[in-house]
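I opened the model today to look up its cysteines, its core, one helix, one serine and its ring pairs. My entries follow in the order I took them.

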Amino acid sequence: MSRFGGKPPMGRDRVRLSTTEKQAAVAAAKDQKPEFDNDKLLNLLRSAKSELQGMRLIHMHLSLLRDKDPSSQMIVRTIIQELASKASYLQSFNISNGDVIILYKGLKLTGVTDVCQKVEQIFLAKTTLTGANPYKEFSLYSIMELALNFINVIRFIEELQANETGDHSNETKPPITLEEMAKLERSMQMFDLSPFLFNQAIANIGRNAEEDMAYFELYISIKLLQERLCPDYDITANKWLFNYFTANLDQSVLRALNHGLSFMRGRRIGININLSTVISTGFVKFDERLPLDFRGQVVLEISKGDLIENLSLFNEVVEFAQDRRYQIAVDGLNPFWVTNFDLEYLNADYAKIFWSNDMLEMDPTFEKYFMERIQEQDRCKFILARCDSVSSLVYANKVGITMVQGRAVDNILRKGVSVREAIAHAKVA
């Protein structure tokens, strides 16, 4: 079913054009209104709603590129042809805002990720992103299970159709420069980070849990830090500079924690951290100074993106963590990644899934598979994070996720109520 058969139509003769004719054809093509595939994609999705199982989607967010290239959609579709010969189905669609969406079946996730990373490297070597994509990731591409995101894609296309303006550029702050990053780095070395250091509870809701709290995640509010130290620039716009910034931020957090963890006595803690930071001298010093009563009580939270890009380094970190009695949490997952990652093989102790209201509209067949994957993981424990409503907590309980985190959890705990009791009451009500 691939559109890319690789062969010309049978019986068609080659036609040679003169230079003048070629120039006229190019000029005429430029004058024509570009053809987009919004309607074609909408019609396909609506007609194939019952046949979504196994279908996956790649969304290339070309509209987020700061410097637009008129040929970007063609470049992407050309590179994606690498996958076409291996897929049981592959079709790509040029979207009117400049994005490209690809539907496919029968491809290994690793191969798809490699090609997407190749596309990202080509474009981000020349320009930067204007901000996060619609899925709140600072990435040029997203790979998703279509059954889970069917409603999202439909709404995305329909909103484009309804609000077509011809100008989809985002009004954002300019991306931070190397010079400004150097200033920010110097400021952070002298700045007291304690006002920006927060902790948020991960609550146990499983029936057999011995404690109400699994651990407390320590984190720095990057938004507040940016407003205080770098208000005129967007720290997140440049992926590589943002990674560099978070690596420096890790070191600042470790230095702050080295001065004392007395405020977290009696609690297990989690630290957001880059893989590269764990093998740095700064972390070695933190490890050496870690109080004995915290040994075995610290969870290292590693982002999904960091893991995918540095898998061999992740394996090294896991060995180090096991030797020094740290636990590992893989952060930033969604149901698609849960069904494609072998978390037991990765030796992860925790897997953190970000809540989305779209999970309530998940395809029943895919949801059943998602729940089975959760139950299959004997050692890895699941956390549903970013829970902003009671319905998200009830959903976690329904699918067998035994830990929750987010504003809804914070609100319940402030009232002095057990999260388990709040969920039980909500289910009865």
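Entry 1, cysteines. I note first that this is a predicted model. I started with Cys-387 and asked whether it is buried or exposed. Cys-387 has 0% relative accessibility, so it falls under the 20% cut-off and counts as buried. Cys-230 is buried as well, with a relative accessible area of 4%. I then searched the whole structure for disulfides and found zero.

Entry 2, core. I looked up the largest nonpolar core, and it has 105 residues. Met-60, Leu-343, Phe-370 and Val-404 have the most contacts inside it. I took Val-404 and listed what it touches beyond four places in sequence; among them are Ala-201, Ile-202, Ala-203, Ile-205, Cys-387 and Val-419. Another core, of 18 residues, lies apart from the one around Val-404, and it includes Ile-95, Ile-101, Leu-103 and Phe-156.

Entry 3, helix α3. I checked residues 72-84, which form a helix of 13 residues. From first C-alpha to last, α3 reaches 19 Å, close to the 18 Å expected. Which residues of α3 are buried? I found Ser-72, Gln-73, Val-76, Arg-77, Ile-79, Ile-80, Leu-83 and Ala-84. These buried residues pack against strands β1, β2 and β3 and against helix α4.

Entry 4, Ser-142. I located Ser-142 in strand β4, residues 141-145. Ser-142 has a relative accessible area of 3% and is buried. What does its side chain make a polar contact with? I found the side chain of His-61, at 2.9 Å. Beyond four places in sequence, Ser-142 is also in contact with residues including Leu-57, Ile-58, His-59, Asn-133 and Tyr-135.

Entry 5, aromatic pairs. I counted 11 aromatic pairs. In the pair of Phe-138 and Phe-242, the ring centres are 5.8 Å apart and the planes stand at 35°, so I logged the pair as tilted. Phe-138 sits in the loop between α4 and β4 and Phe-242 in helix α8, so the pair ties together parts 104 residues apart in sequence. Phe-138 is partly exposed at 30% relative accessible area, whereas Phe-242 is buried at 15%.

I also looked at Tyr-215 and Tyr-350, whose ring centres are 5.3 Å apart with planes at 65°, so this pair is edge-to-face. Tyr-215 belongs to strand β6 and Tyr-350 to strand β10, so the pair links parts 135 residues apart in sequence. Tyr-215 is buried at 1% relative accessibility, and Tyr-350 is buried at 4%. Last, I noted a cluster of Phe-283, Phe-286, Phe-320 and Tyr-326, linked by ring pairs.

Terms used
Residues are numbered from 1 along each chain as its sequence is written. This is a predicted model: local features need pLDDT of at least 70, side-chain atom pairs count only at pLDDT 80 or more; totals for chains, interfaces and linings use all residues. Side-chain values use heavy atoms; hydrogens and water are left out. A nonpolar core is a set of buried Ala, Val, Leu, Ile, Met, Phe, Trp, Tyr and Cys residues joined through side-chain atoms within 4.5 Å. Buried means under 20% relative accessible area, exposed over 50%, partly exposed in between (1.4 Å probe, protein chains only). Contact means heavy atoms within 4.5 Å. A disulfide is a pair of cysteine sulfur atoms within 2.5 Å. Helices (H or I, at least four residues) and strands (E, at least two) are DSSP runs, numbered from the N terminus. The expected span of a helix is 1.5 Å times one less than its number of residues. A polar contact is a pair of N or O atoms within 3.5 Å; within protein, one must be able to donate a hydrogen and the other to accept it, and residues adjacent in sequence count only if both atoms are side-chain atoms. Rings of Phe, Tyr and Trp (its six-membered ring) pair if their centres lie within 6.5 Å; planes under 30 degrees apart count as stacked, over 60 as edge-to-face and the rest as tilted.
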